[in-house]
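This report describes selected features of one protein structure for a reader new to the subject. Please keep the sequence and the structure in view while reading.

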Amino acid sequence: MGLGQLASRALIRSARLATAKPSHLLRRTIVSTPELHNAEAAAAAAQPEVDLPKRNPVAGARVHFPNPDDAIEVFVDGYPVKIPKGMTVLQACEIAGVDIPRFCYHDRLSIAGNCRMCLVEVEKSPKPVASCAMPALPGMKIKTDTPIAKKAREGVMEFLLMNHPLDCPICDQGGECDLQDQSMAFGSDRGRFTEMKRSVVDKNLGPLVKTVMTRCIQCTRCVRFASEIAGVQDLGVLGRGSGEEIGTYVERLMTSELSGNVIDICPVGALTSKPFAFKARNWELKGTESIDVTDAVGSNIRIDSRGPEVMRILPRLNEDINEEWISDKTRFCYDGLKRQRLNDPMIRGADGRFKVVSWRDALAVVAEVIHKVNPEEIVGVAGKLSDAESMIALKDFLNRMGSNNIWCEGNGPNPNADLRSGYIMNTGISGLEKADLFLLVGTQPRVEAAMVNARICKTVRTNNAKVGYVGPAADFNYDHEHLGTGPTTLTQLENGTHPFSAALSTAKNPVIILGSNIFNRNDKDAIFSTIDKIAKKSNASVNTLLVNAAQAAALDLGLVPESSGKSIESAKFVYLMGADDVDLEKLPEDSFVVYQGHHGDRGVYRANVILPASAFSEKEGTYENTEGCAQTTVPAVPTVGDSRDDWKIVRALAEVAGVGLPYDNLSGVRSRIGTVAPNLLQADERVGSTFSSSLLRPEVKDKMDEETPFGVAVENFYMTDAITRASKIMAQCSALLLKK
């Protein structure tokens, strides 16, 4: 057919349409629209109010408006939500009660936007957008359950599973795997990939983290965690395209004290716990919420147990203390709870060997000996892991026997317990984030309190805070200035002659952190006096970073020895309640030593009688952390052998000795604590100090010992108490990660 015929046909068709058109379509109609004169009424009529059901935010998310004028309104699936400016689309959806799937996004890490699982549809956008990286704009209409969004997520999931091995039956992440859950919820019922899957060589990250890198989906959470939270540049992304993989740039171990947290944030089974490998499935375990006692931070943990055995320890969320991280020592020391345990009461015979006896016989022997000793020759020492209930019971017992020579490990021979502001962290752990300058004196937070160090690292990264350090050479994971090694530097800072004095005086919110190792120095009063003068001049807040879980509660309860430092040399009866690091070399040969504890550690070798006690995972006890927040442990597993709670042993001994204590249950003990230190009964609530020690501290005439530099409080991060020294995992970490 030629072009002429096509043109003639088109003309004929158009002529027919013109003749067939009705005449009324050609008329011009005029319609009156009075509603245009009232635009507000027209808008209200066009958009009738819809009574939408109230939605709860995902995981109890709360919105804080720093400036109410900056609030904007967006619509998520038609539901209006008010959010502050700067929030992402994903965060807006969570506040609206819509859970968006994600793999690479994490609340505490920078945004990567490389998994594309969080795609949503936004009105007037030509294609789905990644909600984790898209800032929410005023009036934005977000749709999360449209066919376009569902198909986009299904496609992303198909690509993720393309190279993922079918390891679910043998994967330790099975049952708590994000990839499993989201492939069931958002994935397709079949895959179209028939080629060979790629495989990746596993990396050796050390004795704690097991790697199966073929399962990795390149979300880069572990890379961002290592560089942003842990402060180490151990992990990175190598290669491009199908050859992209996560690993170390050179073959080396991951040396961070927070490395175990990559197990929690990994959404698949690429990074799992090496000690927990093939031990149990998560649905077999019973979870118990408790508190960590390996340091003075009091990290919130969950103890997972199966029967009588602790299988693993995981972190719990607490924004004020540990956020959602825990240290490797907290996470992996659990195998020490079943090794070298003391099961039965024992008495050392004439041949030097221990013989198992009944509780009645053991307590009778101790009661008989203690009555033969003069009251001033009786000494009691509470250990690092002692709870408040056991310490008040021991203090009451020894007081009734006429002795007041009782103290706690780590607090020194003559601690000053008059004012709480002199031995707690006055700003609080979360309050450190407001600082713009840190002065660390005689403390190494990275090994003494890893979670406090993580806060400092976070503040340095976000606020560009400066850090000055006075003490022996140490390994920090953030930029710092090493100002000196001893009290001489403090004198220069006080006089303003040190170069760091200028930064200290111009800082808006400086924070001074003292190490509790200063308690053991003879010139501690002069050091505290100098620090108070520096703080007064620079308007800084003074904090003390404690090392042991029992220190703060011991000072609150008044465990201060009557005779400073010389009591061990003249003691005839020594009661060690879990105290393993006491120097007993100067103890007289004819002294009688009672060791009450849960592990056969250093204190057992000198003991005449052993009384087995329960560990923190087997009892209910109160612990106060370094910021003054009292928290309680909960029994997760039954006690081992014939062991008993510490306070029950002391109460029974007092009864046998004829000086009964006025309580016989836990509520009675806590009532007694309330008369001495009522702040210890306010669980999960930080109680600050009432008075400042700098205002009420008496004038000190002694001078600092400028010849003696500050010492090191923790020699080995992985072995600090009886539980960690009994742990096989901690021994491996100590051998591999601390070797030079």
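Strand E23 contributes three residues to the lining of the largest cavity, which is the largest share. The model is a predicted one, and the description below begins with its enclosed spaces.

**Cavities**

How many cavities of 30 Å³ or more are counted? The count comes to eight. The largest cavity has a volume of about 170 Å³. Its lining is made up of 19 residues, and those that lie nearest its centre are Gly383, Leu385, Met577, Gly578 and His598. Both E23 and helix H20 (722-725) supply at least two residues each to this lining.

**The sheet**

Strand E23 also belongs to an open sheet of seven strands, whose order is E14-E13-E24-E23-E22-E15-E16 and whose pairing is mixed. At the edges stand strand E14 (354-356) and strand E16 (406-408), each of which pairs on one side only. On average, neighbouring strands of this sheet are turned by 15° against each other, with direction ignored.

One pairing within the sheet may be followed residue by residue. Strand E13 (residues 346-348) and strand E24 (residues 609-612) run antiparallel and are joined by two bridges. Met346 stands opposite Ile610, which is in E24.

**Helix H17 and its buried face**

Which strands does helix H17 lie across? Helix H17 (residues 646-656) lies across strand E22 (573-577), strand E23 (592-597) and E24, and runs at about 155° to E22. Within H17, the residues Asp646, Trp647, Ile649, Val650, Leu653 and Ala654 are buried. Viewed down the axis of H17, the buried residues fall within an arc of 160°, and therefore they line one face of the helix. The cover over these buried residues includes the strands E22, E23 and E24. It also includes helix H9 (359-370), helix H10 (388-400) and helix H18 (666-676). After H17 comes Gly658, whose phi is positive, near 85°.

**Two residues with positive phi**

A positive phi is also found in residues other than glycine, among them Arg116 and Phe278. The table sets out the two cases.

| Residue | Phi | Location | Relative accessibility |
|---|---|---|---|
| Arg116 | near 60° | loop between helix H3 (89-95) and strand E3 (119-122) | 38% |
| Phe278 | about 60° | loop between strand E9 (271-273) and strand E10 (286-291) | 62% |

Arg116 counts as partly exposed because its relative accessible area of 38% falls between the limits of 20% and 50%. Phe278 counts as exposed because its relative accessibility of 62% is over 50%.

**A buried residue in helix H15**

Is Ile534 buried or exposed? Ile534 lies in helix H15 (residues 524-538). Its relative accessibility is 2%, and because buried means under 20%, Ile534 counts as buried. Apart from neighbours within four places in sequence, Ile534 is in contact with Leu490, Leu493, Glu494, Leu504 and Ile512. One of these partners, Leu490, is 44 residues apart from Ile534 in sequence, while the two are 8.2 Å apart in space, C-alpha to C-alpha.

Methods:
Residues are numbered from 1 along each chain as its sequence is written. This is a predicted model: local features need pLDDT of at least 70, side-chain atom pairs count only at pLDDT 80 or more; totals for chains, interfaces and linings use all residues. Side-chain values use heavy atoms; hydrogens and water are left out. Helices (H or I, at least four residues) and strands (E, at least two) are DSSP runs, numbered from the N terminus. Buried means under 20% relative accessible area, exposed over 50%, partly exposed in between (1.4 Å probe, protein chains only). Contact means heavy atoms within 4.5 Å. Two strands pair if DSSP finds at least two bridges between them. Axes are lines fitted to C-alpha atoms, for helices over the stretch in contact, and angles run from 0 to 180 degrees between N-to-C directions. The arc is that of the directions from the helix axis to the C-beta atoms. On a 1 Å grid over the protein atoms alone, a cavity is a set of points where a 1.4 Å probe fits but cannot get out, and a pocket is an open set with protein on both sides within 12 Å along at least five of seven lines; lining residues have an atom within 4 Å of a point. Grid points are joined across faces, edges and corners, and a volume is the space filled by probe spheres set on the points.
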